[in-house]
Amino acid sequence: MAAAYRCFSPLVYTLALRAMQDRAAAADITQDVFVRAWRFRDSFDPNSGAVPAWILGISKNVILDGLSARNTQHRLVVQTGANAEAGDTRHQDVDTITDRVVLGTELELLGEPQKSILRLAFYEDMTHQQIAARLDIPLGTVKSHIRRSLIHLRDRLGTWNAAS
């Protein structure tokens, strides 16, 4: 396995780097490929193919897993209203993304019209008057919904933060 690593790790790293366009992710993938190769070494059959083909097959699967995980994370960021430009998502703090996912989930639990009102207020940066006009509801009602919803979210998120 050591000889296979010395021989094929540069190739695996290059393939992973081209696919992921991230050096840290490529290094992680390279490590994962050889860990999987070691774990499943008993499944290698020299009669079915050569070591390079076996290593490249594992590489393909690990790279696809990495791309899938990155796409899933990207979708979560987009759904929570975060800046989803490819260059920006790589630099966002994991806690910030987690908080946005939790907040998005909590907003979904609010129900209507509270959910729509808070989305307009925070994601579209609309004033109370603009929200009232857009949703055709009284200004006082908008203010009341925002206040009650924020209290509810504070209580729910406080409980969530205490549990994490």
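This passage describes the fold, the salt bridges and selected surface features of a predicted model.

The overall architecture is all-helical in its regular elements: the chain contains eight helices and zero strands. Read from one end of the sequence to the other, the pattern is accordingly α-α-α-α-α-α-α-α. Of the 164 residues in the chain, 27% count as buried. Contacts between positions far apart in sequence make a sizeable contribution, as residues 24 or more positions apart account for 49% of the contacts with a separation of 6 or more. The accessible surface of the chain amounts to about 10,600 Å², and carbon and sulfur atoms supply 55% of that area.

Turning to charged side chains, the structure holds four salt bridges. One of them joins Asp65 to Arg36, with the closest N and O atoms 3.2 Å apart. This pair links distant parts of the chain, since Asp65 belongs to helix H3 (residues 51–79) and Arg36 to helix H2 (residues 23–39), with their positions 29 residues apart in sequence. Neither partner is buried: Asp65 has a relative accessible area of 41% and is therefore partly exposed, and Arg36, at 24%, also counts as partly exposed.

The Asp65–Arg36 pair does not stand by itself, for Asp32, Arg36 and Asp65 are linked in a network of salt bridges. Asp32 is found in helix H2. With a relative accessible area of 27%, Asp32 is partly exposed. The surroundings of Asp32 also bring in a residue remote in sequence: Asp32 and Ile63 are 31 residues apart along the chain, and their C-alpha atoms are 9.7 Å apart in space.

A further salt bridge connects Glu124 with Arg134, the closest N and O atoms again being given as 3.2 Å apart. Glu124 lies in the loop between helix H6 (114–123) and helix H7 (128–135), while Arg134 is in helix H7, so the pair ties together parts that are ten residues apart in sequence. Glu124 is partly exposed, its relative accessible area being 46%.

Lys115 and Glu112 form another salt bridge, in which the closest N and O atoms are 3.8 Å apart. Here the two partners fall on opposite sides of the 20% cut-off for burial. Lys115 has a relative accessible area of 17% and is therefore buried, whereas Glu112, at 49%, counts as partly exposed.

Gln114 offers a helpful view of the packing around helix H6, in which this residue is placed. The relative accessible area of Gln114 is 18%, which means that this residue is buried. Once neighbours within four places in sequence are left aside, Gln114 is in contact with His145 and Ser149.

Finally, the surface has a nonpolar feature worth a look in the model. Leu11, Leu15 and Leu56 make a nonpolar surface patch of about 210 Å². Leu56 is found in helix H3, the helix that also holds Asp65. At 34% relative accessibility, Leu56 counts as partly exposed.

How values were computed: Residues numbered from 1 in each chain as written. Predicted model: local features only at pLDDT ≥ 70, side-chain atom pairs only at ≥ 80, totals over all residues. Heavy atoms only, no water. Helix = DSSP H or I, 4+ residues; strand = E, 2+ residues; numbered from the N terminus. Buried < 20%, exposed > 50% of the residue type's maximum accessible area, 1.4 Å probe, protein only. Contact = heavy atoms within 4.5 Å. Areas by Shrake-Rupley, 256 points an atom, 1.4 Å probe, with all protein chains shown as cover. Patch = residues over 30% accessible without salt bridge, like charges linked within 9 Å, V, L, I, M, F, W, Y side chains within 5 Å.
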